[in-house]
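Colleague: I would like to learn how to read the packing and pairing features of a model like this one. Could we go through them one at a time?

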Amino acid sequence: MIDYLYYRFYRLWLHSSVSEGATFLAMLLFSVMLSTNVLTAWGILTQYGIIDYPSDTQYYIIEGSLIALLCGRFFFKKRYRRIITKYEDENSVQRKAGVWALTVYIVATFICFFIEALHRQGKIKFTINEAG
């Protein structure tokens with residue numbers, strides 16, 4: 001799944017005005033999305049008192065680690081070329097499904113992040129009503 005999401009981000013950057021750097025920019029955007037997922041999960045754990053919310057230093061360590069891990073995964077021995085080759089021969093139906101999958105992933109990531117952040121700050125409340 002990680003490889004396919006990387007490929008979808010790569011295709012997204014190919015259609016931009018900076019398509020020359022699509023392989024690297026796809027990895028950067030993907031690392032930002034993954035760090036948003038990590039921070040959302042971290043925020044949920046914070047709300048239950050399991051851990052504290054990350055400091056700025058911890059955030060930079062998380063982001064830097066994700067970038068380093070994804071660079072290693074995709075650029076070691078030019079693995080990104082094999083990933084692109086693997087998914088390049090999609091038909092139009094698969095391509096449309098991939099665009100929708102990427103769109104849903106991006107939207108769900110940001111919606112969950114904003115809901116968690118608003119809930120953590122007390123801007124929205126969730127209550128469970130028990131009948132009895």
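**Reading Asp 3 and its surroundings**

Modeller: Asp 3 counts as buried, at 13% relative accessibility, where buried means under 20% relative accessible area, exposed over 50% and partly exposed in between, with a 1.4 Å probe and protein chains only. This is a predicted model, in which local features need pLDDT of at least 70, side-chain atom pairs count only at pLDDT 80 or more, and totals for chains, interfaces and linings use all residues. Residues are numbered from 1 along each chain as its sequence is written, and side-chain values use heavy atoms, with hydrogens and water left out.

Colleague: How many salt bridges does a search of the whole structure find?

Modeller: Side chains of opposite charge can pair when their charged atoms come close. The search of the whole structure finds 2 salt bridges, a salt bridge being a side-chain nitrogen of Lys or Arg within 4 Å of a carboxyl oxygen of Asp or Glu. In one of them Arg 73 pairs with Asp 3, with the closest N and O atoms 3.0 Å apart; Arg 73 is in helix H3 and Asp 3 in helix H1, so that distant parts of the chain, 70 residues apart, are linked. Helices here are DSSP runs (H or I, at least four residues), as strands are (E, at least two), numbered from the N terminus.

Colleague: Which side chain meets Asp 3 in a salt bridge from helix H4?

Modeller: That is Arg 79, whose side chain meets Asp 3 at 3.0 Å, N to O. Because Arg 79 lies in helix H4 and Asp 3 in helix H1, the pair ties together parts that are 76 residues apart in sequence. Salt bridges with shared partners join Asp 3, Arg 73 and Arg 79 into one network. Arg 73 is partly exposed at 34% relative accessibility, and Arg 79 is likewise partly exposed, at 23%.

Colleague: At what angle do helices H1 and H4 pack?

Modeller: Two packed helices are described by the angle between their axes and the distance between the axes. H1 (residues 2–14) and H4 (residues 79–88) pack at about 85°, with their axes 10 Å apart, the axes being lines fitted to C-alpha atoms, for helices over the stretch in contact, and the angles running from 0 to 180 degrees between N-to-C directions. H1 is therefore roughly perpendicular to H4, given that 65 to 115 degrees counts as roughly perpendicular, under 35 as roughly parallel, over 145 as roughly antiparallel and the rest as oblique. Among the residues making the contact (heavy atoms within 4.5 Å) are Asp 3 and Tyr 7 of H1 and Arg 79 and Ile 83 of H4.

Colleague: And at what angle do H1 and helix H5 pack?

Modeller: H1 and H5 (residues 92–120) pack at about 95°, again with axes 10 Å apart, which means that H1 is roughly perpendicular to H5. The residues that meet include Leu 5 and Phe 9 in H1 and Val 99 and Leu 102 in H5.

Colleague: How many disulfides does the structure hold?

Modeller: A disulfide is a covalent bond between the sulfur atoms of two cysteines. The structure holds 0 disulfides, counted as pairs of cysteine sulfur atoms within 2.5 Å. Cys 71 is partly exposed, with a relative accessible area of 23%, and Cys 112 is partly exposed at 43%.
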